[in-house]
Amino acid sequence: MSVDEIFDKLLSHESIFKNKKVLSHDYVPDELPHREGEIRKLAYILATALRGGKPSNVFMYGKTGTGKTAVARYVLKKLTERGEKIGLEFAYAYVNCRYRKTNYRVLVKICEELNCGNIPETGLPADVIFDRIIKHIDKKERLVIIILDELDWLVKSSGDDVLYQLTRINNELENAQVSLIGITNDLKFREYLDSRVLSSLSEESIVFSPYNAHQLYDILKQRADMAFKEGTVSDEALRLAAAIAAQEHGDARRAIDLLRVAGEIAEREGDTKLLEKHIIKAKDEVEKDLIEAIVRDLPLQEQLILLAIVMVKTKGNGRITTGLVKKTYENICAELGYRPVTLRRINDILSDLEMLGIISAQVTSLGRYGRTKVINLEAPLRSILKVFERDENFSHVLESFKINEH
DNA sequence: TGTCCACTGGAAGGGAGGGCTT
DNA sequence: AAGCCCTCCCTTCCAGTGGACA
(Lines give C-alpha, C1' and ligand atoms only; values in the text may rest on other atoms or scores of the structure.)
Protein backbone atom coordinates (compact mmCIF):
# COMPACT_ATOMS: atom_id res chain seq x y z
CA MET A 1 0.00 0.00 0.00
CA SER A 2 1.46 3.36 -0.97
CA VAL A 3 1.44 6.29 1.39
CA ASP A 4 -1.24 7.97 -0.67
CA GLU A 5 -3.38 4.88 -0.52
CA ILE A 6 -2.97 4.74 3.23
CA PHE A 7 -4.10 8.33 3.53
CA ASP A 8 -6.96 7.75 1.12
CA LYS A 9 -8.13 4.76 3.06
CA LEU A 10 -8.07 6.65 6.32
CA LEU A 11 -9.87 9.65 4.94
CA SER A 12 -12.51 7.62 3.13
CA HIS A 13 -13.83 6.41 6.48
CA GLU A 14 -15.32 8.58 9.06
CA SER A 15 -13.34 8.43 12.30
CA ILE A 16 -14.89 6.33 15.02
CA PHE A 17 -13.36 8.63 17.62
CA LYS A 18 -15.35 11.51 18.97
CA ASN A 19 -12.89 12.74 21.56
CA LYS A 20 -9.70 10.78 21.84
CA LYS A 21 -8.27 12.94 24.64
CA VAL A 22 -10.59 11.17 27.05
CA LEU A 23 -8.44 8.08 26.68
CA SER A 24 -5.15 9.73 27.53
CA HIS A 25 -3.40 9.13 30.83
CA ASP A 26 -3.81 12.54 32.32
CA TYR A 27 -7.49 12.93 31.63
CA VAL A 28 -9.56 13.13 34.80
CA PRO A 29 -13.25 12.38 34.19
CA ASP A 30 -16.04 14.13 36.06
CA GLU A 31 -16.97 10.90 37.70
CA LEU A 32 -14.77 8.11 38.92
CA PRO A 33 -16.85 4.95 39.09
CA HIS A 34 -16.24 2.64 42.06
CA ARG A 35 -13.99 5.04 43.88
CA GLU A 36 -16.67 6.91 45.78
CA GLY A 37 -15.41 5.69 49.14
CA GLU A 38 -11.84 6.77 48.53
CA ILE A 39 -12.95 10.11 47.14
CA ARG A 40 -15.06 10.75 50.20
CA LYS A 41 -12.24 9.85 52.53
CA LEU A 42 -9.77 12.12 50.82
CA ALA A 43 -12.37 14.88 50.66
CA TYR A 44 -12.93 14.64 54.41
CA ILE A 45 -9.22 14.92 55.02
CA LEU A 46 -8.72 17.87 52.71
CA ALA A 47 -11.91 19.66 53.70
CA THR A 48 -10.07 21.23 56.63
CA ALA A 49 -8.40 23.40 54.05
CA LEU A 50 -11.67 25.19 53.30
CA ARG A 51 -11.70 26.50 56.85
CA GLY A 52 -8.14 27.67 56.46
CA GLY A 53 -6.63 24.74 58.33
CA LYS A 54 -3.85 22.48 57.29
CA PRO A 55 -5.04 19.05 56.22
CA SER A 56 -3.18 16.02 57.50
CA ASN A 57 -0.59 14.46 55.28
CA VAL A 58 -2.01 11.49 53.45
CA PHE A 59 -0.54 8.23 52.29
CA MET A 60 -2.29 6.37 49.51
CA TYR A 61 -1.49 2.76 48.78
CA GLY A 62 -2.60 0.62 45.89
CA LYS A 63 -1.37 -1.13 42.79
CA THR A 64 -0.89 0.70 39.50
CA GLY A 65 -4.08 1.68 37.75
CA THR A 66 -6.28 1.52 40.82
CA GLY A 67 -7.20 5.16 40.55
CA LYS A 68 -4.92 6.69 43.19
CA THR A 69 -3.65 9.46 41.00
CA ALA A 70 -7.04 10.04 39.45
CA VAL A 71 -8.72 10.31 42.86
CA ALA A 72 -6.09 12.76 44.07
CA ARG A 73 -6.40 14.91 40.99
CA TYR A 74 -10.17 14.74 41.07
CA VAL A 75 -10.51 15.82 44.69
CA LEU A 76 -7.93 18.56 44.28
CA LYS A 77 -9.74 19.88 41.25
CA LYS A 78 -12.95 20.09 43.26
CA LEU A 79 -11.13 21.64 46.18
CA THR A 80 -9.62 24.32 43.98
CA GLU A 81 -13.00 25.11 42.45
CA ARG A 82 -14.62 25.42 45.84
CA GLY A 83 -11.72 27.42 47.18
CA GLU A 84 -12.07 29.94 44.39
CA LYS A 85 -15.69 30.52 45.29
CA ILE A 86 -14.90 31.42 48.84
CA GLY A 87 -11.72 33.27 48.05
CA LEU A 88 -9.18 30.73 49.24
CA GLU A 89 -6.16 29.93 47.18
CA PHE A 90 -4.65 26.51 46.83
CA ALA A 91 -1.68 25.51 44.80
CA TYR A 92 -0.51 22.06 44.07
CA ALA A 93 2.51 20.32 42.68
CA TYR A 94 2.38 16.88 41.16
CA VAL A 95 5.60 14.92 40.94
CA ASN A 96 5.97 11.45 39.55
CA CYS A 97 9.05 10.07 41.25
CA ARG A 98 9.40 7.17 38.86
CA TYR A 99 10.99 9.51 36.38
CA ARG A 100 12.75 11.62 38.99
CA LYS A 101 14.66 9.26 41.13
CA THR A 102 16.91 11.74 42.89
CA ASN A 103 16.12 14.21 45.62
CA TYR A 104 17.38 17.05 43.51
CA ARG A 105 15.18 16.21 40.54
CA VAL A 106 12.11 15.98 42.73
CA LEU A 107 12.79 19.44 44.11
CA VAL A 108 13.30 20.79 40.60
CA LYS A 109 9.95 19.36 39.55
CA ILE A 110 8.20 20.87 42.55
CA CYS A 111 9.70 24.22 41.61
CA GLU A 112 8.51 23.81 38.07
CA GLU A 113 5.00 22.88 39.13
CA LEU A 114 4.74 25.83 41.48
CA ASN A 115 6.22 28.25 38.94
CA CYS A 116 9.20 29.23 41.06
CA GLY A 117 11.11 30.06 37.93
CA ASN A 118 13.45 28.02 35.81
CA ILE A 119 15.90 25.72 37.45
CA PRO A 120 18.58 23.74 35.64
CA GLU A 121 18.47 19.95 35.68
CA THR A 122 21.82 19.91 37.41
CA GLY A 123 24.19 22.34 39.03
CA LEU A 124 22.56 24.02 42.02
CA PRO A 125 23.00 22.86 45.59
CA ALA A 126 19.85 21.13 46.85
CA ASP A 127 19.41 23.41 49.83
CA VAL A 128 19.39 26.45 47.54
CA ILE A 129 16.47 25.00 45.66
CA PHE A 130 14.75 24.12 48.88
CA ASP A 131 15.13 27.70 50.09
CA ARG A 132 13.80 28.95 46.82
CA ILE A 133 10.74 26.75 47.14
CA ILE A 134 10.14 27.92 50.68
CA LYS A 135 10.43 31.57 49.74
CA HIS A 136 8.15 31.15 46.79
CA ILE A 137 5.51 29.25 48.70
CA ASP A 138 5.61 31.64 51.61
CA LYS A 139 4.92 34.71 49.47
CA LYS A 140 1.22 34.31 49.95
CA GLU A 141 -1.06 32.98 52.61
CA ARG A 142 -2.25 29.77 51.07
CA LEU A 143 -2.22 26.02 51.19
CA VAL A 144 0.14 24.14 48.95
CA ILE A 145 -0.44 20.47 48.35
CA ILE A 146 2.46 18.42 47.10
CA ILE A 147 1.63 15.09 45.55
CA LEU A 148 4.47 12.62 45.34
CA ASP A 149 3.43 9.81 43.06
CA GLU A 150 5.29 6.48 42.92
CA LEU A 151 7.22 7.55 45.96
CA ASP A 152 8.78 4.13 46.43
CA TRP A 153 11.04 4.68 43.42
CA LEU A 154 12.51 7.79 44.96
CA VAL A 155 13.05 6.32 48.39
CA LYS A 156 14.53 3.08 47.07
CA SER A 157 17.11 4.87 45.01
CA SER A 158 17.84 8.01 47.01
CA GLY A 159 16.59 7.51 50.54
CA ASP A 160 14.10 9.68 52.36
CA ASP A 161 16.09 12.90 52.88
CA VAL A 162 13.79 15.03 50.79
CA LEU A 163 10.75 13.48 52.38
CA TYR A 164 12.10 14.35 55.78
CA GLN A 165 12.71 17.93 54.72
CA LEU A 166 9.28 18.18 53.17
CA THR A 167 7.53 16.83 56.23
CA ARG A 168 9.20 19.55 58.27
CA ILE A 169 8.72 22.35 55.78
CA ASN A 170 5.84 23.86 57.74
CA ASN A 171 8.24 24.86 60.51
CA GLU A 172 9.96 27.19 58.09
CA LEU A 173 6.83 28.78 56.70
CA GLU A 174 5.11 31.80 58.12
CA ASN A 175 2.26 32.50 55.75
CA ALA A 176 1.68 29.39 53.73
CA GLN A 177 1.16 25.78 54.72
CA VAL A 178 2.08 22.57 52.99
CA SER A 179 0.29 19.24 52.98
CA LEU A 180 1.75 16.14 51.40
CA ILE A 181 0.07 13.34 49.57
CA GLY A 182 2.32 10.34 49.11
CA ILE A 183 1.31 7.70 46.63
CA THR A 184 2.89 4.30 46.34
CA ASN A 185 2.06 0.93 44.87
CA ASP A 186 4.51 -0.97 47.01
CA LEU A 187 2.67 -1.98 50.12
CA LYS A 188 5.83 -2.98 51.96
CA PHE A 189 7.29 0.40 51.23
CA ARG A 190 6.83 1.73 54.75
CA GLU A 191 9.74 -0.41 55.91
CA TYR A 192 12.16 1.74 53.97
CA LEU A 193 11.11 4.92 55.71
CA ASP A 194 12.56 6.59 58.74
CA SER A 195 10.00 6.39 61.53
CA ARG A 196 9.81 10.18 61.87
CA VAL A 197 8.99 10.53 58.20
CA LEU A 198 6.56 7.67 58.34
CA SER A 199 4.55 8.99 61.25
CA SER A 200 4.35 12.44 59.77
CA LEU A 201 3.50 11.27 56.30
CA SER A 202 0.91 8.71 57.21
CA GLU A 203 -1.22 10.78 59.52
CA GLU A 204 -3.97 9.45 57.31
CA SER A 205 -3.89 6.62 54.85
CA ILE A 206 -6.15 5.35 52.14
CA VAL A 207 -5.86 1.91 50.62
CA PHE A 208 -6.96 1.29 47.05
CA SER A 209 -7.90 -2.23 46.08
CA PRO A 210 -7.68 -3.42 42.47
CA TYR A 211 -10.72 -3.14 40.25
CA ASN A 212 -12.50 -6.33 39.29
CA ALA A 213 -13.74 -7.08 35.79
CA HIS A 214 -17.22 -5.62 36.41
CA GLN A 215 -15.83 -2.39 37.74
CA LEU A 216 -13.36 -2.15 34.89
CA TYR A 217 -16.21 -2.66 32.48
CA ASP A 218 -18.08 0.28 33.99
CA ILE A 219 -15.00 2.45 33.72
CA LEU A 220 -14.42 1.47 30.12
CA LYS A 221 -18.07 1.99 29.27
CA GLN A 222 -17.94 5.47 30.70
CA ARG A 223 -14.81 6.37 28.76
CA ALA A 224 -15.95 4.70 25.56
CA ASP A 225 -19.18 6.70 25.57
CA MET A 226 -17.15 9.88 25.74
CA ALA A 227 -14.38 8.88 23.38
CA PHE A 228 -16.16 7.12 20.57
CA LYS A 229 -19.11 7.98 18.39
CA GLU A 230 -22.33 6.27 19.28
CA GLY A 231 -22.65 2.67 18.24
CA THR A 232 -19.06 2.26 17.16
CA VAL A 233 -17.93 0.12 20.07
CA SER A 234 -19.24 -3.38 20.64
CA ASP A 235 -20.15 -4.35 24.15
CA GLU A 236 -18.25 -7.63 23.83
CA ALA A 237 -15.09 -5.70 23.02
CA LEU A 238 -15.48 -3.70 26.22
CA ARG A 239 -16.08 -6.81 28.26
CA LEU A 240 -13.03 -8.48 26.77
CA ALA A 241 -10.83 -5.47 27.49
CA ALA A 242 -12.14 -5.40 31.05
CA ALA A 243 -11.47 -9.11 31.49
CA ILE A 244 -7.92 -8.81 30.18
CA ALA A 245 -7.12 -5.88 32.44
CA ALA A 246 -8.72 -7.63 35.42
CA GLN A 247 -6.35 -10.53 34.92
CA GLU A 248 -3.47 -8.11 34.95
CA HIS A 249 -4.04 -6.94 38.52
CA GLY A 250 -7.08 -4.80 37.79
CA ASP A 251 -5.14 -2.02 36.16
CA ALA A 252 -7.58 0.55 34.79
CA ARG A 253 -4.88 2.45 33.00
CA ARG A 254 -4.00 -0.63 31.00
CA ALA A 255 -7.66 -1.20 30.23
CA ILE A 256 -7.97 2.31 28.87
CA ASP A 257 -4.74 1.95 26.88
CA LEU A 258 -6.18 -1.19 25.40
CA LEU A 259 -9.30 0.65 24.35
CA ARG A 260 -7.40 3.52 22.79
CA VAL A 261 -5.01 1.32 20.85
CA ALA A 262 -7.86 -0.93 19.73
CA GLY A 263 -9.63 2.15 18.43
CA GLU A 264 -6.55 3.17 16.51
CA ILE A 265 -6.22 -0.30 15.06
CA ALA A 266 -9.86 -0.39 14.00
CA GLU A 267 -9.45 2.96 12.35
CA ARG A 268 -6.24 1.94 10.62
CA GLU A 269 -7.93 -1.12 9.24
CA GLY A 270 -10.84 0.92 8.01
CA ASP A 271 -13.39 -0.72 10.26
CA THR A 272 -16.36 1.24 11.39
CA LYS A 273 -16.84 -0.64 14.61
CA LEU A 274 -14.49 -1.57 17.41
CA LEU A 275 -14.69 -5.32 17.94
CA GLU A 276 -13.12 -8.02 20.08
CA LYS A 277 -10.50 -8.77 17.43
CA HIS A 278 -9.19 -5.24 17.73
CA ILE A 279 -8.83 -5.60 21.47
CA ILE A 280 -6.85 -8.80 21.01
CA LYS A 281 -4.52 -7.10 18.56
CA ALA A 282 -4.25 -4.13 20.85
CA LYS A 283 -3.22 -6.33 23.74
CA ASP A 284 -0.19 -7.58 21.84
CA GLU A 285 0.68 -4.15 20.60
CA VAL A 286 0.45 -2.46 23.99
CA GLU A 287 2.67 -5.07 25.58
CA LYS A 288 5.19 -5.05 22.77
CA ASP A 289 5.44 -1.28 22.66
CA LEU A 290 5.95 -1.04 26.37
CA ILE A 291 8.79 -3.53 26.52
CA GLU A 292 10.39 -2.33 23.32
CA ALA A 293 10.45 1.25 24.48
CA ILE A 294 12.00 0.29 27.80
CA VAL A 295 14.67 -1.87 26.23
CA ARG A 296 15.48 0.71 23.57
CA ASP A 297 16.01 3.44 26.16
CA LEU A 298 18.23 1.36 28.43
CA PRO A 299 21.77 2.67 28.89
CA LEU A 300 24.43 0.76 26.97
CA GLN A 301 25.73 -1.37 29.80
CA GLU A 302 22.23 -2.39 30.82
CA GLN A 303 21.49 -3.40 27.25
CA LEU A 304 24.66 -5.47 27.14
CA ILE A 305 23.73 -7.25 30.35
CA LEU A 306 20.23 -7.87 29.09
CA LEU A 307 21.65 -9.22 25.87
CA ALA A 308 23.81 -11.58 27.92
CA ILE A 309 20.76 -12.76 29.86
CA VAL A 310 18.87 -13.36 26.65
CA MET A 311 21.77 -15.35 25.25
CA VAL A 312 22.20 -17.46 28.35
CA LYS A 313 18.49 -18.20 28.24
CA THR A 314 18.37 -19.20 24.59
CA LYS A 315 21.59 -21.14 24.60
CA GLY A 316 21.76 -22.61 28.02
CA ASN A 317 19.67 -25.13 29.77
CA GLY A 318 18.43 -24.55 33.25
CA ARG A 319 19.01 -21.63 35.51
CA ILE A 320 20.43 -18.27 34.66
CA THR A 321 22.86 -17.23 37.38
CA THR A 322 24.85 -14.07 37.93
CA GLY A 323 28.11 -15.85 37.20
CA LEU A 324 26.81 -17.20 33.89
CA VAL A 325 25.53 -13.80 32.86
CA LYS A 326 28.85 -12.23 33.79
CA LYS A 327 30.81 -14.66 31.61
CA THR A 328 28.53 -14.21 28.61
CA TYR A 329 28.50 -10.46 29.11
CA GLU A 330 32.29 -10.35 29.13
CA ASN A 331 32.37 -12.34 25.90
CA ILE A 332 29.99 -9.87 24.31
CA CYS A 333 32.12 -6.97 25.49
CA ALA A 334 35.20 -8.61 24.02
CA GLU A 335 33.39 -9.13 20.74
CA LEU A 336 32.24 -5.52 20.54
CA GLY A 337 35.35 -3.96 22.03
CA TYR A 338 33.75 -2.53 25.18
CA ARG A 339 35.40 -2.52 28.55
CA PRO A 340 33.25 -4.65 30.86
CA VAL A 341 31.99 -3.25 34.16
CA THR A 342 32.73 -4.93 37.47
CA LEU A 343 30.64 -7.57 39.18
CA ARG A 344 29.43 -5.05 41.70
CA ARG A 345 28.03 -2.90 38.94
CA ILE A 346 26.47 -5.89 37.20
CA ASN A 347 24.61 -6.52 40.41
CA ASP A 348 23.15 -3.03 40.42
CA ILE A 349 22.19 -3.34 36.79
CA LEU A 350 20.40 -6.60 37.52
CA SER A 351 18.46 -4.83 40.25
CA ASP A 352 17.56 -2.07 37.81
CA LEU A 353 16.32 -4.55 35.25
CA GLU A 354 14.28 -6.17 37.97
CA MET A 355 12.76 -2.84 38.97
CA LEU A 356 11.75 -2.34 35.37
CA GLY A 357 10.03 -5.71 35.35
CA ILE A 358 12.16 -7.08 32.53
CA ILE A 359 13.60 -9.79 34.71
CA SER A 360 12.87 -11.25 38.09
CA ALA A 361 15.63 -12.50 40.33
CA GLN A 362 15.87 -14.42 43.53
CA VAL A 363 18.91 -14.80 45.72
CA THR A 364 19.31 -18.54 46.08
CA SER A 365 21.85 -20.59 47.91
CA LEU A 366 23.33 -23.46 45.96
CA GLY A 367 25.02 -24.76 49.07
CA ARG A 368 28.52 -25.89 48.31
CA TYR A 369 28.27 -24.04 45.03
CA GLY A 370 27.75 -20.66 46.62
CA ARG A 371 25.02 -18.11 46.66
CA THR A 372 23.79 -16.34 43.60
CA LYS A 373 20.86 -14.64 41.97
CA VAL A 374 18.70 -16.93 39.89
CA ILE A 375 17.34 -14.83 37.09
CA ASN A 376 14.15 -15.20 35.11
CA LEU A 377 13.30 -13.32 31.97
CA GLU A 378 9.87 -11.77 32.51
CA ALA A 379 9.48 -9.76 29.33
CA PRO A 380 8.67 -11.64 26.13
CA LEU A 381 11.85 -12.71 24.39
CA ARG A 382 10.50 -11.67 21.01
CA SER A 383 10.10 -8.03 21.94
CA ILE A 384 13.59 -7.81 23.39
CA LEU A 385 15.16 -9.52 20.41
CA LYS A 386 13.34 -7.17 18.09
CA VAL A 387 15.11 -4.20 19.62
CA PHE A 388 18.50 -5.89 19.52
CA GLU A 389 18.08 -7.08 15.98
CA ARG A 390 17.52 -3.53 14.84
CA ASP A 391 20.89 -2.49 16.25
CA GLU A 392 23.76 -3.24 13.94
CA ASN A 393 26.25 -4.21 16.62
CA PHE A 394 23.86 -6.27 18.64
CA SER A 395 22.40 -8.14 15.69
CA HIS A 396 25.95 -8.94 14.71
CA VAL A 397 26.60 -10.42 18.13
CA LEU A 398 23.35 -12.36 18.06
CA GLU A 399 24.34 -13.83 14.76
CA SER A 400 27.88 -14.67 15.67
CA PHE A 401 26.64 -16.49 18.73
CA LYS A 402 24.00 -18.16 16.58
CA ILE A 403 21.00 -17.06 18.51
CA ASN A 404 17.60 -16.85 17.02
CA GLU A 405 14.09 -17.04 18.26
CA HIS A 406 13.55 -20.73 17.90
C1' DT B 1 29.15 -29.94 62.46
C1' DG B 2 31.93 -26.84 60.47
C1' DT B 3 33.69 -25.24 56.03
C1' DC B 4 33.67 -22.62 52.29
C1' DC B 5 31.74 -21.42 47.68
C1' DA B 6 30.04 -17.72 44.81
C1' DC B 7 28.25 -14.59 45.30
C1' DT B 8 25.30 -10.22 47.60
C1' DG B 9 24.92 -5.64 48.81
C1' DG B 10 26.55 -1.62 51.88
C1' DA B 11 29.89 2.29 51.99
C1' DA B 12 32.84 5.48 50.09
C1' DG B 13 34.54 7.75 46.49
C1' DG B 14 36.04 9.23 41.67
C1' DG B 15 35.65 11.43 37.36
C1' DA B 16 33.19 13.20 33.33
C1' DG B 17 29.29 15.83 32.25
C1' DG B 18 26.90 19.89 33.67
C1' DG B 19 25.74 24.58 36.02
C1' DC B 20 25.88 28.03 39.75
C1' DT B 21 28.15 32.25 42.08
C1' DT B 22 31.91 35.40 42.78
C1' DA C 1 38.58 31.48 36.08
C1' DA C 2 38.02 29.34 40.59
C1' DG C 3 35.44 26.98 43.74
C1' DC C 4 31.24 24.78 44.68
C1' DC C 5 27.57 21.59 43.92
C1' DC C 6 24.79 18.57 41.15
C1' DT C 7 23.95 13.81 38.38
C1' DC C 8 25.15 9.43 36.39
C1' DC C 9 27.85 5.64 35.88
C1' DC C 10 31.19 3.36 37.67
C1' DT C 11 35.16 1.34 40.88
C1' DT C 12 37.31 -0.51 45.07
C1' DC C 13 36.93 -2.62 49.33
C1' DC C 14 34.74 -5.62 52.20
C1' DA C 15 31.73 -7.89 55.63
C1' DG C 16 28.10 -11.12 55.35
C1' DT C 17 25.61 -15.52 54.13
C1' DG C 18 22.45 -20.18 53.08
C1' DG C 19 23.16 -24.55 52.68
C1' DA C 20 25.56 -28.91 50.13
C1' DC C 21 29.20 -31.33 51.16
C1' DA C 22 33.44 -33.45 53.65
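## A salt bridge in helix α15

D348 and R344 form a salt bridge, with the closest N and O atoms 3.0 Å apart. The term covers a side-chain nitrogen of Lys or Arg within 4 Å of a carboxyl oxygen of Asp or Glu. Both residues sit in helix α15, 4 residues apart, about one turn of the helix. Helices (H or I, at least four residues) and strands (E, at least two) are DSSP runs, numbered from the N terminus. D348 is partly exposed because its relative accessible area is 32%. R344 counts as exposed, at 55%. The cut-offs are under 20% relative accessible area for buried and over 50% for exposed, with partly exposed in between (1.4 Å probe, protein chains only).

## Model and conventions

This is a predicted model, in which local features need pLDDT of at least 70 and side-chain atom pairs count only at pLDDT 80 or more, while totals for chains, interfaces and linings use all residues. Residues are numbered from 1 along each chain as its sequence is written, chains are lettered from A and ligands numbered from 1 in the order in which they are written, and side-chain values use heavy atoms, with hydrogens and water left out.

## Chain A overall

Chain A has 17 helices and 8 strands. Its C-alpha trace spans about 70 × 60 × 40 Å along the principal axes. Of its 406 residues, 46% count as buried.

## Contacts with DNA strand B

DNA strand B has 17 residues around it, and G123, T322, R344, N347 and G370 come nearest. A residue is near a strand if one of its heavy atoms lies within 4 Å of it. Of the strand B atoms within 4 Å of the protein, 62% belong to sugar or phosphate and the rest to bases. By class, this surface has 5 nonpolar, 8 polar and 4 charged residues. Here Ala, Val, Leu, Ile, Met, Phe, Trp, Tyr, Cys and Pro count as nonpolar, Asp, Glu, Lys and Arg as charged, and the others, Gly among them, as polar. Helices α14 (322–336) and α15 (343–355) and strand β8 (371–377) each supply at least two residues.

Several polar contacts can be picked out (N or O pairs within 3.5 Å; within protein, one atom must be able to donate a hydrogen and the other to accept it, and residues adjacent in sequence count only if both atoms are side-chain atoms). A side-chain N or O atom of T322 is 2.6 Å from a phosphate oxygen of strand B. The backbone of R368 places an N or O atom 3.2 Å from a sugar or linking oxygen. A polar backbone atom of G370 is 3.0 Å from a base oxygen.

## Contacts with DNA strand C

DNA strand C is surrounded by 21 residues, the closest being T102, T122, G123, Q301 and T342. Sugar and phosphate make up 72% of the strand C atoms that come within 4 Å of the protein. The surface near this strand has 8 nonpolar, 8 polar and 5 charged residues.

The side chain of R345 has an N or O atom 3.0 Å from a phosphate oxygen of strand C. A polar backbone atom of G367 is 3.2 Å from a base nitrogen. A backbone N or O atom of R368 lies 3.0 Å from a sugar or linking oxygen of strand C. The elements giving two or more residues to this surface are α4 (103–113) and α15.

## Other salt bridges

The structure holds 21 salt bridges. One of them joins K140 and E89 (3.5 Å, N to O). This pair links distant parts of the chain, 51 residues apart: K140 is in the loop between α5 (126–137) and β3, and E89 in the loop between α3 (68–85) and β2 (90–96). K140 is partly exposed at 41% relative accessibility, and E89 is partly exposed at 37%. E248 pairs with R254 in a further salt bridge, with the closest N and O atoms 3.4 Å apart. K20, D257, R260 and E264 are linked in a salt-bridge network.

## Positive phi angles

Most residues other than glycine have a negative phi. H34, not a glycine, has a positive phi of about 65°. H34 lies in the loop between α1 and α2 (36–47) and is partly exposed, with a relative accessible area of 28%. E150 also has a positive phi, near 50°. E150 is in the loop between β3 (143–149) and α6, and counts as buried because its relative accessibility is 6%.
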